[in-house]
Amino acid sequence: MTAPLSDPDDLVRLAADIAREAGALARRRRAEGVQIAATKSAVADIVTAADREVEALIRSRLAAERPADGFLGEESGAEPGSSGITWVVDPIDGTVNYAYGVPAYAVSIAAIEGVPDPATWQAIAGAVFGPPTGELFTAVRGGGAFVHVGDRDDDRTEPLRVNEHPGAAGALLATGFGYDPATHAGDLARLARVMPLARDIRRIGSAALDLAYVAAGRLDGYFERGLNPWDHAAGALIVEEAGGRVGGVPGGRPGKDLIIAAGPDLFAALQNAIDAR
Ligand code: IPD
């Protein structure tokens, strides 16, 4: 048997520590006032000065602790490493909420093995931290998923479990809409196909939180088209470790084309509904 590249428990501890530190910085900057620094893929796709500063903090902390690892971040791009592990980072997932002052945004940090492409990678540790609530969601492959509330040295930790059976009223589902207006008609048609399964729909505005909430049973399921790898790297592992399924188009892995996350039965129903044309 080959030795693991690193102890996943060490990786998740590091991800969690850095996510908390980065989240505290994001929260401080939010309190001081937010500046939009630039637009990216579309006019609605913004980056704030805080996104950049928070990613720089995460990147420098990871480089200091694990210099041989690779990095893939939303704001500062990719750098290959030599250890076989790459950190996939969204410094502020939910940037539009952050800019508007809606308290639903998260720091997302995952350690993956393999090439940093969700079509083939294996996520091994992940942390999603929500600064406005102080909740930290973590998972290690094969080690379960947890939510931690409170300070690092004095937190209450509870295991996460997806909802297996949403109930007769239907499923509480979340989704999102990409920044490119050209994709909105397709997004709305997909939503219409899924609606018969739903008791109601949420659009939280942070894919990392959508996934963490599926893992926690606060949502029954989630689907979206157009996500980038850093939006779902940590959250998808947290759902799987909470007993859920995460996938993409039928037979495929989660990716830009589609991500679906739910308990096993609802996952299959969502995949069928989305695929039906
Ligand atoms: C966005 C959020 C949003 C999702 C978008 C993502 P960002 O990430 O996760 O919920 O609908 O597709 O791009 O831009 O805030 O990091």
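These questions and answers look at the ligand and the residues around it.

This is a predicted model in which local features need pLDDT of at least 70, side-chain atom pairs count only at pLDDT 80 or more, and totals for chains, interfaces and linings use all residues. Residues are numbered from 1 along each chain as its sequence is written, and side-chain values use heavy atoms, with hydrogens and water left out.

Q: How many residues surround the ligand?
A: Let's start with the shell, where a residue counts if one of its heavy atoms lies within 4 Å of the ligand. Asp93, Gly94, Thr95, Tyr179 and Glu224 are the closest. The full count is 14 residues.

Q: How far is a polar side-chain atom of Glu224 from an oxygen atom of the ligand?
A: Polar contacts here are pairs of N or O atoms within 3.5 Å. Asp90 places a polar side-chain atom 3.0 Å from a ligand oxygen, and a polar backbone atom of Gly94 lies 2.7 Å from a ligand oxygen. For the Glu224 side chain, the distance is 2.5 Å.

Q: Why does the ligand lie between domain 1 and domain 2?
A: The domain bounds, 8-159 for domain 1 and 167-275 for domain 2, come from an automatic or database domain assignment. The ligand lies between the two because the shell around it takes residues from both domain 1 and domain 2.

Key. Polar contact = N/O pair within 3.5 Å; in protein donor to acceptor, adjacent residues only side chain to side chain.
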